Amino acid sequence: MPSSTPRGYPYPLPADPADVPQALEDLALAVDLDVNAVAQTISARPAFRLAGSTGGSLPLVVPSPSVFDSVQLSFDRVDAVTGGALVPLAGPTSAIVPALPGFWWIQVVANFPRANGANINDFGLSLETATETIVRANTHVLPPASDGANNLVCTTGKFFNGTTDFIRARFSINKTATTLGSYVVGPRYMFAVRMTES
């Protein structure tokens, strides 16, 4: 009488009559049934990817010798969302609310043009909540005109309650000048994946 493993895979015992083709068929069918059952329990990890290209203008009018200006970056396009991960956007939005509780991995990339004057000391990109700045990236080596646009990247992990907690991205410039005109941040992207449920 054949026996079986804890997952239900049959195998013959030494005293069983030898029937190799039937034993292999029984094993193959049991494995196929088990794999299909497991596959039905697997779903895509909740995640979303956002993009934005508006709402990133800094006036850069400087009333003092050294001024730090910043702007919250907005997102107006949902490129992808799985598993109910995101509260739908109602137009350009800077405060992004992950729709499920748990620990989230989040990355933001902001594209910015070259420095439009020698009076810019550094650029920065930070991720923040309502109460804290979680992570910040800076560049003090300013790109020359020939470099065109550049990117800053911030990556972090944070627990969210799935209802009111939000994440937002802030672009900043530290400068020394009287007036530099305006400075517009280019396209930006946010990618987030829920890593745990609590």
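**Strand pairing, burial and pocket lining in the predicted model**

Seven of the eight residues of strand β11, which spans residues 168-175, are buried, so this strand is largely enclosed by the rest of the structure. The model examined here is a predicted one, and the assignment of β11 as enclosed rests on a cut-off under which a residue counts as buried when its relative accessible area is under 20%. Strand β11 is joined by eight bridges to strand β8, residues 120-128, and the two strands run antiparallel. Within this pairing, L127 stands opposite A169 of β11.

At the level of the whole chain, one helix and 13 strands are found, and in sequence order these elements follow the pattern β-β-α-β-β-β-β-β-β-β-β-β-β-β. Of the 198 residues in the chain, 35% are buried. Among the contacts with a separation of 6 or more, 72% are made between residues that lie 24 or more positions apart.

Strands of a sheet pair through backbone hydrogen bonds, in either the parallel or the antiparallel sense. In the present model, five strands form an open sheet in the order β6-β3-β13-β7-β10, and the pairing is antiparallel. The edges of this sheet are formed by β6, residues 77-82, and β10, residues 150-160, each of which pairs on one side only. Direction ignored, neighbouring strands of the sheet are turned against each other by 10° on average.

Strand β3, which covers residues 47-52, has five of its six residues buried, so that β3, like β11, is largely enclosed by the rest of the structure. On one hand, β3 pairs with β6 in the antiparallel sense over five bridges, and R49 has A80 of β6 as its bridge partner. On the other, β3 pairs with β13 over six bridges, again in the antiparallel sense, with A47 having V193 of β13 as its bridge partner. Strand β13, residues 188-194, is in turn joined by seven bridges to β7, residues 102-112, and these two strands also run antiparallel. In the pairing with β7, V193 of β13 stands opposite W105, so that V193 is a partner both of A47 in one pairing and of W105 in the other.

Residue R77 lies in strand β6, which is one of the two edge strands of the five-stranded sheet. With a relative accessible area of 43%, R77 is partly exposed, a class that lies between the limits of under 20% for buried residues and over 50% for exposed ones. When neighbours within four places in sequence are left aside, R77 is in contact with R49, L50, A51, L89 and Y189. Among these partners, R49 is itself bridged to A80 of β6, while L89, 12 residues away from R77 along the chain, has its C-alpha atom at a separation of 7.9 Å from that of R77.

A further pair of positions far apart in sequence involves E197, which lies in the segment after β13. At a relative accessible area of 63%, E197 is exposed. Not counting residues up to four places away in sequence, E197 touches P101 and G102. The C-alpha atoms of E197 and L100 are 7.9 Å apart in space, although 97 residues separate the two in sequence.

The largest pocket of the model encloses about 160 Å³ of space. Its lining consists of P2, P10, Y11, P12, D16, P17, D19, Q22, A23 and D26, and the elements that give two or more residues to this lining are β2, residues 10-11, and α1, residues 20-39. Helix α1 provides the largest share of the lining, namely three residues. By residue class, the lining divides into six nonpolar, one polar and three charged residues.

Helix α1 also holds L24, which at 55% relative accessibility counts as exposed. The C-alpha atom of L24 lies 8.6 Å from that of Y11, a residue 13 positions away along the chain, and Y11 is one of the residues that line the largest pocket.

Terms used: Residues numbered from 1 in each chain as written. Predicted model: local features only at pLDDT ≥ 70, side-chain atom pairs only at ≥ 80, totals over all residues. Heavy atoms only, no water. 1 Å grid on protein atoms, 1.4 Å probe; cavity = no way out; pocket = protein on both sides within 12 Å on 5 of 7 lines; lining within 4 Å. Points joined across faces, edges and corners; volume = space filled by probe spheres on them. Helix = DSSP H or I, 4+ residues; strand = E, 2+ residues; numbered from the N terminus. Nonpolar A, V, L, I, M, F, W, Y, C, P; charged D, E, K, R; others polar. Pairing = 2+ DSSP bridges. Axes fitted to C-alpha atoms, helices over the stretch in contact; angles between N-to-C directions. Buried < 20%, exposed > 50% of the residue type's maximum accessible area, 1.4 Å probe, protein only. Contact = heavy atoms within 4.5 Å.
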